[in-house]
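Here is a short report on helix packing and on two individual residues. Please keep the sequence and the model in view while reading.

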Amino acid sequence: LGVYGFIDMNDPKFQGTIKAVEEHLLIKDTVYRYLVEDALEGGEGGWNILTLWLAWCYWNSGREEDAKRLFNIVRKNFGKTGLMSEQV
């Protein structure tokens with residue numbers, strides 16, 4: 001909601017969302033969609049788009065250094081063609 005202007009990104013509610021993502025879905029600088037067992041074979045990977053969402057939230061919340069660090073980590077996931085997969 002903060003990304004689309006429905007709530008200020010520095011509002012305590014939105015900051016709580018960022019904190020919850022950091023505590024529950026951010027593992028080794030990659031954000032996961034979920035961390036529960038599902039019926040699919042194989043393991044769930046982290047998602048580049050979600051990690052970029054978190055970097056954007058950091059940037060717009062005044063956490064520029066955190067945003068730059070996370071963005072630079074995601075940048076390394078680009079292939080030789082300049083494309084990036086969904087999952088890491």
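How many ångströms apart do the axes of helix 2 and helix 3 come, and at what angle do they cross? In this predicted model, the two axes come within 7 Å and cross at roughly 160°. An angle over 145° counts as roughly antiparallel, so helix 2 and helix 3 are roughly antiparallel to each other. Their crossing is left-handed. Helix 2 contributes N48, T51, L52, L54, A55, Y58 and W59 to the contact. Helix 3 contributes E64, D66, A67, K68, L70, F71 and V74.

**Helices 1 and 3**

Each of these two helices has a span that fits its residue count, as tabulated here.

| Helix | Residues in helix | End-to-end C-alpha distance | Expected span | Buried residues |
|---|---|---|---|---|
| Helix 1 (12-24) | 13 residues | 18 Å | 18 Å | F14, I18, V21 |
| Helix 3 (64-75) | 12 residues | 16 Å | 16 Å | A67, L70, V74 |

In helix 3, A67, L70 and V74 are buried. They cover an arc of only 75° around the axis, so they sit on the same side of helix 3. These buried residues pack against helix 2 (48-60).

In helix 1, the buried residues are F14, I18 and V21. Their arc around the axis is only 60°, which puts them on the same side of helix 1. They pack against strand 1 (26-27), strand 2 and helix 2. The face turned away from this buried side carries exposed residues: P12, K13, E23 and H24.

**Two residues**

T30 is found in strand 2 (residues 30-31). Is T30 buried or exposed? T30 has a relative accessible area of 13%. Buried means under 20%, so T30 is buried. Leaving aside neighbours within four places in sequence, T30 is in contact with L25, G46, W47, T51 and V88. T51 also takes part in the contact between helix 2 and helix 3.

M84 lies in the segment after helix 3. With a relative accessible area of 29%, M84 is partly exposed. Which residues does M84 touch, not counting those up to four places away in sequence? They are N48, L52, V74, N77 and F78. N48 and L52 of helix 2 and V74 of helix 3 also belong to the contact between those helices. V74 is one of the buried residues of helix 3. M84 and C57 are 27 residues apart along the chain, and their C-alpha atoms are separated by 20 Å.

Notes:
Residues numbered from 1 in each chain as written. Predicted model: local features only at pLDDT ≥ 70, side-chain atom pairs only at ≥ 80, totals over all residues. Heavy atoms only, no water. Helix = DSSP H or I, 4+ residues; strand = E, 2+ residues; numbered from the N terminus. Buried < 20%, exposed > 50% of the residue type's maximum accessible area, 1.4 Å probe, protein only. Contact = heavy atoms within 4.5 Å. Expected span 1.5 Å × (residues − 1). Arc of directions from axis to C-beta. Axes fitted to C-alpha atoms, helices over the stretch in contact; angles between N-to-C directions. Parallel < 35°, antiparallel > 145°, perpendicular 65-115°, else oblique. Left-handed = near helix turned anticlockwise from the far one by under 90°.
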